[in-house]
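Have the model open and a cup of coffee to hand? Let us walk through it together, one piece at a time.

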Amino acid sequence: MMTLSVRQVRFRFLLLITLRWFPVGLTIPMLVLLPLERGLTIAQAGTVAAVQGFTVLVLELPTGGFADAFGRRPLLLIAGVVNVAALAVMSFADTFALFALAWLLQGVFRALDSGPLDSWFVDESLAADEHADIETGLSHGSVALSLGIAGGALVSGGLVWLGPVGRVSALTVPMLVALGLSMVSTLAVALLMHEARPARGWAAVAASLRGVPVAIGSALGLARRSRVVFALIMVELLWSFGMVTFEKLMPIRLSEVLADKDGAAALMGPVSSVGWAASAAGAALVPLLIRRVGAPWAGFTLRIVQGLTIVAMGLLAGPAGVITGFLLTYAAHGAANPVHAGLLHRQAEGEYRTSLLSLNSMVGQPGFAIGAIVLTAFAQSAGVSAAMVAGAVVLAAAAPLYLVKPKFREPIDVGTPSASALTPGGT
């Protein structure tokens, strides 16, 4: 087996991340509008999308056992095959059941794909040089991810603008391109990702699965023993519920003001691309806010601001107003992410940190899934604008939870779960 230098590992890591997320950017503007074009109602589109969240919730922790047992590369190859199958079904689905199947496969893919590439990068970098600067590499990975999605979204808008290709509708073209590029991404994993890992087989998988209840119990113990942890987890739940407004309802809102689904899909590409840039800008500026008011008050302020920007997105007239609200929402979203993550990290140390982050992720998945079901049903009955305002209220209601004070300053003690039990899904 070849030995890679730190520079070679980092280059392959960044290339694989870009190839992984570029197809996601291609599909983002289509994921709501395509089912509507195929005959689903707004409520049905929200319900099938929720299938992914519940699937990831169930598989979040168990998939870590497969990574431990069989290695990161085989897991990513399996994930890639599942992703290709999901996109193939999505590209040709024309019934509620087929779209639900596509989202189920997407959920399996997301659970399998969550973490192995980052873990591979860290392990291979430290194997090449025990003093390797992995933090910079991971930071560059975040930049590559954002640029990949932004570039894909931009290309997606251009493909829709070019119109249908033969019998293939304009909204389907980006999905088919994403399908092809996902095959390329999976092939790249096979060719570029190498690891020396002892085969541990099904016994290791079984051991990891037995540790899942321990991991869940440890995570719940954190929330039960700390009012601050409980408050932060509730923020994640309400925040994820409200995210449906700008991730699922925004394309529908834009198609309303334009009275043109294809036009909205073409415009969503470049708008999503700029939105990711706005998110990055918000994240870059948030340290100034934290230094001025502190992290808890920064979190409070950003939740209120994001709620107001979502209301603006739902109520402002014309494409310019809706798009302006969307970009401001994403700027606030990007700023809020590091604030929330920092507050979470301060609440637990060492072996308990992973348990807390896993709980935060596990709560976010059903929060978004429930939001997708409830808000799309509300949008169908009361209108998209009303649903967006309702989602904004729920999201902003989380703001005071950032100001909850601890009862005491003792370290959190939830026992000593095994390392495998604390491994989040896919890592």
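A good place to begin is helix α11, a mostly covered element in which 23 of the 32 residues are buried. Keep in mind as you look that this is a predicted model. Helix α11 runs over residues 227-258, and from its first C-alpha to its last it reaches 46 Å, close to the 46 Å expected at 1.5 Å a residue. Follow it along to Leu249 and you will find a bend of about 55 degrees, with a proline, Pro251, coming within four residues after that point. Just past the helix, Ala259 takes a positive phi of about 55 degrees.

Now pause at Lys248, which also sits in α11. What is the nearest side chain of opposite charge to this buried lysine? It is Glu247, at 5.9 Å, and Lys248 has no salt bridge. A salt bridge here calls for a side-chain nitrogen of Lys or Arg within 4 Å of a carboxyl oxygen of Asp or Glu, so the 5.9 Å separation from Glu247 does not qualify. Setting aside residues up to four places away in sequence, Lys248 touches Leu31, Val32, Ala49, Trp103 and Phe368.

Two of those names, Leu31 and Val32, lead us on to another helix, as both are among the buried residues of α2. Helix α2 spans residues 30-37, and Leu31 lies in it. Is this helix mostly covered or mostly open? It is mostly covered, with 7 of its 8 residues buried. Besides Leu31 and Val32, the buried set includes Met30, Leu33, Leu34, Pro35 and Leu36. Just after α2, Gly39 adopts a positive phi of about 110 degrees.

Leu31 ties the two helices together in our tour. Apart from neighbours within four places in sequence, Leu31 is in contact with Met90, Trp103 and Lys248. Trp103 is therefore a partner of Leu31 and of Lys248, given that contact means heavy atoms within 4.5 Å. The C-alpha atoms of Leu31 and Pro251 are separated by 9.2 Å, although these residues stand 220 apart along the chain.

Finally, a word on confidence. The chain has a mean pLDDT of 83, and 83% of its residues reach 70 or more. Among its elements, helix α16 (residues 384-396) has the highest mean pLDDT, 96, while helix α4 (residues 63-70) has the lowest, 61. Over residues 409-427 pLDDT stays under 50, though the model has 61 contacts beyond four places in sequence for them. Where pLDDT is low, predicted coordinates should not be read in detail.

Definitions and conventions:
Residues are numbered from 1 along each chain as its sequence is written. This is a predicted model: local features need pLDDT of at least 70, side-chain atom pairs count only at pLDDT 80 or more; totals for chains, interfaces and linings use all residues. Side-chain values use heavy atoms; hydrogens and water are left out. Helices (H or I, at least four residues) and strands (E, at least two) are DSSP runs, numbered from the N terminus. Buried means under 20% relative accessible area, exposed over 50%, partly exposed in between (1.4 Å probe, protein chains only). The expected span of a helix is 1.5 Å times one less than its number of residues. The bend at a residue is the angle between axes fitted to the seven residues ending there and the seven starting there. Lys and Arg count as positive and Asp and Glu as negative; His and the chain ends are not counted. pLDDT is the predictor's confidence in each residue, from 0 to 100.
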